[in-house]
Amino acid sequence: MKICDTHCDTLCRIADSGGDLFENKYHVSLKSLNKYEAFTQFFACFIDPLYNENALERFTKLSDAFFENMKMYSDTASHCENYDDMAKAWEDGKTACFLSVENCSFIKNPDDVLMCRRKGIRLMS
């Protein structure tokens with residue numbers, strides 16, 4: 001069975017309270033997702049309105065935490081930017097991980113959108 005979860009806030013939790021994406025006390029962990037044949041998880045960089053004045057710094061903290069975890073757990077998870085990446089992750093027995101942004105308050109101009117694209121973000125709201 002192929003499963004896709006398009007949102008979780010675990011990234012915010014580990015960035016703020018410690019831990020990592022592989023094993024943690026929150027709702028989603030790579031360890032639990034790896035039990036499935038083919039799983040895709042979108043990890044949200046949720047920019048809480050409390051951070052609106054420092055939204056870019058918040059985004060950077062969250063995206064850095066995501067990429068650090070992708071590097072640490074590259075044997076079980078793969079950062080994906082498109083369908084082909086996702087299919088390859090599944091073929092390799094890895095969880096397909098996308099990075100998304102919720103509340104794009106830090107986007108002030110087209111260059112900010114390009115920065116997100118360069119980081120591999122394909123879902124923003």
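Q: Why is Gly-19 called buried, partly exposed or exposed?
A: In this predicted model, where local features need pLDDT of at least 70, side-chain atom pairs count only at pLDDT 80 or more, and totals for chains, interfaces and linings use all residues, Gly-19 has a relative accessible area of 59%. Buried means under 20%, exposed over 50% and partly exposed in between, with a 1.4 Å probe and protein chains only, so Gly-19 counts as exposed. Gly-19 is found in the loop between H1 and helix H2 (30-33), where helices (H or I, at least four residues) and strands (E, at least two) are DSSP runs numbered from the N terminus. Residues are numbered from 1 along each chain as its sequence is written, and side-chain values use heavy atoms, with hydrogens and water left out.

Q: Why is Asn-103 called partly exposed?
A: Its relative accessibility is 23%, which lies between the limits of 20% and 50%, and therefore Asn-103 counts as partly exposed. Asn-103 is placed in the loop between strand E4 (95-102) and helix H5 (110-118).

Q: What makes the phi of Asn-103 notable?
A: The phi is positive, about 75 degrees, although Asn-103 is not a glycine. Most residues other than glycine have a negative phi.

Q: How do you know that H1 and H3 are roughly parallel, antiparallel, perpendicular or oblique to each other?
A: The axes of helix H1 (residues 10-17) and helix H3 (residues 55-72) come within 9 Å and cross at roughly 100 degrees, the axes being lines fitted to C-alpha atoms over the stretch in contact, with angles that run from 0 to 180 degrees between N-to-C directions. Angles under 35 degrees count as roughly parallel, over 145 as roughly antiparallel, 65 to 115 as roughly perpendicular and the rest as oblique, so H1 is roughly perpendicular to H3. Residues in the contact (heavy atoms within 4.5 Å) include Leu-11 and Ile-14 of H1 and Leu-62 and Phe-66 of H3.

Q: What makes the buried residues of H4 lie on the same side of the helix?
A: The buried residues of helix H4 (residues 83-91) are Met-86, Ala-89 and Trp-90. They cover an arc of only 100 degrees around the axis, taken from the directions from the helix axis to the C-beta atoms, and therefore they lie on the same side of H4. What covers these buried residues includes strand E1 (2-5), strand E2 (38-46), strand E3 (77-79) and E4, whereas the face turned away from the buried side carries the exposed residues Asp-84 and Glu-91.
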